[in-house]
Amino acid sequence: MSSVNFENTAVAFQHKNNGQLKRSFWLFKLIASPTLVKIGGALTNLAVGLGIPIGWAIKKNIFSQFCGGVNISESKKAAHHLAKSGIGSILDYSVEGKENEKDFDFTADEIKRTIDAAENNNDIPFSVFKVTGICRFSLLEKVNAKQALSANEEAEWERAVGRVFSICEHAFKKNVSLFIDAEDSWIQDAIDELAENMMVQFNQKDFIVYNTVQLYRHDRLAYLKAMHTRLKEKGAKTAVKLVRGAYIEKERKRAAEMGYIDPIQPNKESTDRDFNLAVDYCLDHIEDVAICCGSHNEESSAMLVEKMNARGIASNDKRIYFAQLFGMSDHISYNLSHAKYNVAKYLPYGPIKEVMPYLLRRAQENTSVKGQTGRELSLIEKEIQRRKKLN
Ligand SMILES: Cc1cc2nc3c(=O)[nH]c(=O)nc-3n(C[C@H](O)[C@H](O)[C@H](O)COP(=O)(O)OP(=O)(O)OC[C@H]3O[C@@H](n4cnc5c(N)ncnc54)[C@H](O)[C@@H]3O)c2cc1C
């Protein structure tokens with residue numbers, strides 16, 4: 001039995017007053033409908049595109065459920081609120097789809113500002129970035145495929161590598177741990193190579209740079225082990241965020257269209273099996289491995305708790321973190337934190353118009369077809385009923 005009770009809704013929703021709880025209930029109810037999400041998403045995009053001022057409505061509802069604020073200063077307040085319940089925040093600058101050098105430079109500077117915000121700040125234990133936020137996607141594709149680059153592209157790639165280096169160096173100097181997110185498989189080799197180089201450079205003493213391993217890929221357990229061996233040979237510590245993986249449909253579709261072997265596991269059970277084996281592998285090598293379990297899966301979280309207990313690893317051991325996204329699976333985050341485990345939440349932020357793609361993805365992910373809305377809703381409902389009985 002896990003020592004954490006994820007059913008405890010009094011703990012899970014301690015941070016929400018009755019009005020906020022009801023708002024979350026209606027929001028999840030609304031996004032449980034794929035049709036409404038589709039129509040709502042299209043209308044919202046149209047309104048934002050036409051400059052119709054609906055920002056306040058978005059901000060009060062879906063934005064405040066899933067985002068920390070429009071900038072670092074607002075997000076720091078949200079982080080402080082989470083910290084009151086012992087939960088850390090990971091400021092995630094969620095502006096996507098930029099494709100020019102000026103934007104990439106801006107994003108790199110912004111990520112450094114999130115690192116500054118995290119320096120000596122217990123509210124913010126990690127920073128994070130996506131390589132596609134600071135490098136052109138099609139260039140990453142070319143590098144990944146080991147295609148020859150033109151002289152211009154070579155120079156562009158050098159600038160991108162320079163940005164990655166300067167972000168990681170900044171984190172190292174400020175002693176802030178930093179996640180590099182995992183992305184599409186057809187650019188991930190390039191990202192892995194960058195990440196491993198940064199780990200060799202900056203993880204000699206501490207766990208600064210974290211690569212991300214997606215266990216929905218059938219080759220990733222082997223990759224995790226090989227990466228650990230390579231880093232060990234170079235005297236560096238391995239830090240990994242373990243996730244299942246977010247791009248399953250896109251991956252399967254591309255593989256089918258282009259006629260190569262699907263990089264994704266044949267089924268959910270195989271993904272779960274490799275996720276568990278990856279956790280085991282990291283715990284077996286905990287002397288030089290740090291992990292962040294990035295998951296909304298209760299079983300995975302409970303399993304890690306049990307395994308830590310069985311191995312006598314303290315709940316607050318800095319090498320092991322649990323992480324969820326802001327606005328989702330609070331029953332996991334708050335109950336883990338209540339039991340004194342290390343927990344952090346990705347706190348996405350950015351101008352409303354710019355984070356719309358992120359918000360729409362969260363809404364789509366939460367539709368009743370694939371998502372966890374049923375679970376979120378039933379827990380919120382349970383808490384509403386519990387509070388009613390108290391009055
Ligand atoms: C803090 C945090 C950070 C994250 N960072 C990243 C990141 O850097 N990169 C990234 O790609 N994702 C990232 N994710 C998203 C993550 O990969 C998952 O998409 C998401 O968390 C759902 O998986 P789960 O473990 O929470 O829950 P579950 O509901 O147990 O698992 C759902 C996942 O299982 C897998 N799956 C579902 N059906 C099948 C099937 N038929 N066959 C094979 N596999 C299947 C898919 O990966 C799916 O997303 C992050 C998530 C969190 C919470």
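This is a friendly dialogue about reading a predicted model of a protein chain with its ligand.

Trainee: Where should I begin, and how many helices and strands are in the chain?

Mentor: Begin with the overall fold. This is a predicted model, and its chain has 16 helices and 8 strands. The radius of gyration is 21 Å, close to the 21 Å that the globule rule gives for 391 residues, so the chain is as compact as a globular protein of that length. Along the principal axes, the C-alpha atoms fill a box of roughly 70 × 55 × 45 Å.

Trainee: Now the ligand. How many residues surround the ligand, and which are the closest?

Mentor: A residue counts here if one of its heavy atoms lies within 4 Å of the ligand. In this structure 25 residues surround the ligand, and Arg-244, Gly-245, Thr-271, His-296 and Asn-297 are the closest. By class, this shell has 9 nonpolar, 11 polar and 5 charged residues.

Trainee: Which helices and strands each supply at least two residues of that shell?

Mentor: Look at the strands β4 (209-214), β5 (238-243) and β7 (320-325), together with the helices α11 (248-258) and α12 (268-284). The largest share comes from β7, with 3 residues.

Trainee: Which polar side-chain atoms should I look for beside an oxygen atom of the ligand?

Mentor: For a polar contact, look for a pair of N or O atoms within 3.5 Å. Lys-268 has a polar side-chain atom 2.9 Å from a ligand oxygen atom, and Asp-181 has one 3.2 Å from a ligand oxygen atom. On the nitrogen side, a polar side-chain atom of Arg-252 lies 3.1 Å from a nitrogen atom of the ligand. As for cover, the ligand on its own has 930 Å² of accessible area, and the protein covers 81% of it.

Trainee: How do I read the empty spaces, and what volume does the largest cavity have?

Mentor: Rolling a probe the size of a water molecule over the atoms shows where empty space is left. The structure holds 1 cavity of 30 Å³ or more, and the largest cavity has a volume of about 30 Å³. Its lining includes Phe-13, Phe-28, Met-328 and Asp-330, and divides into 4 nonpolar, 3 polar and 3 charged residues.

Trainee: And which residues lie nearest the centre of the second largest pocket?

Mentor: Find Asn-122, Ile-124, Pro-125, Lys-318 and Tyr-321, which lie nearest the centre among the 30 residues of the lining. This second largest pocket has a volume of about 680 Å³. Its lining divides into 14 nonpolar, 9 polar and 7 charged residues.

Methods:
Residues numbered from 1 in each chain as written. Predicted model: local features only at pLDDT ≥ 70, side-chain atom pairs only at ≥ 80, totals over all residues. Heavy atoms only, no water. Polar contact = N/O pair within 3.5 Å; in protein donor to acceptor, adjacent residues only side chain to side chain. Areas by Shrake-Rupley, 256 points an atom, 1.4 Å probe, with all protein chains shown as cover. Helix = DSSP H or I, 4+ residues; strand = E, 2+ residues; numbered from the N terminus. Nonpolar A, V, L, I, M, F, W, Y, C, P; charged D, E, K, R; others polar. 1 Å grid on protein atoms, 1.4 Å probe; cavity = no way out; pocket = protein on both sides within 12 Å on 5 of 7 lines; lining within 4 Å. Points joined across faces, edges and corners; volume = space filled by probe spheres on them. Rg over C-alpha atoms; globule rule 2.2 N^0.38 Å.
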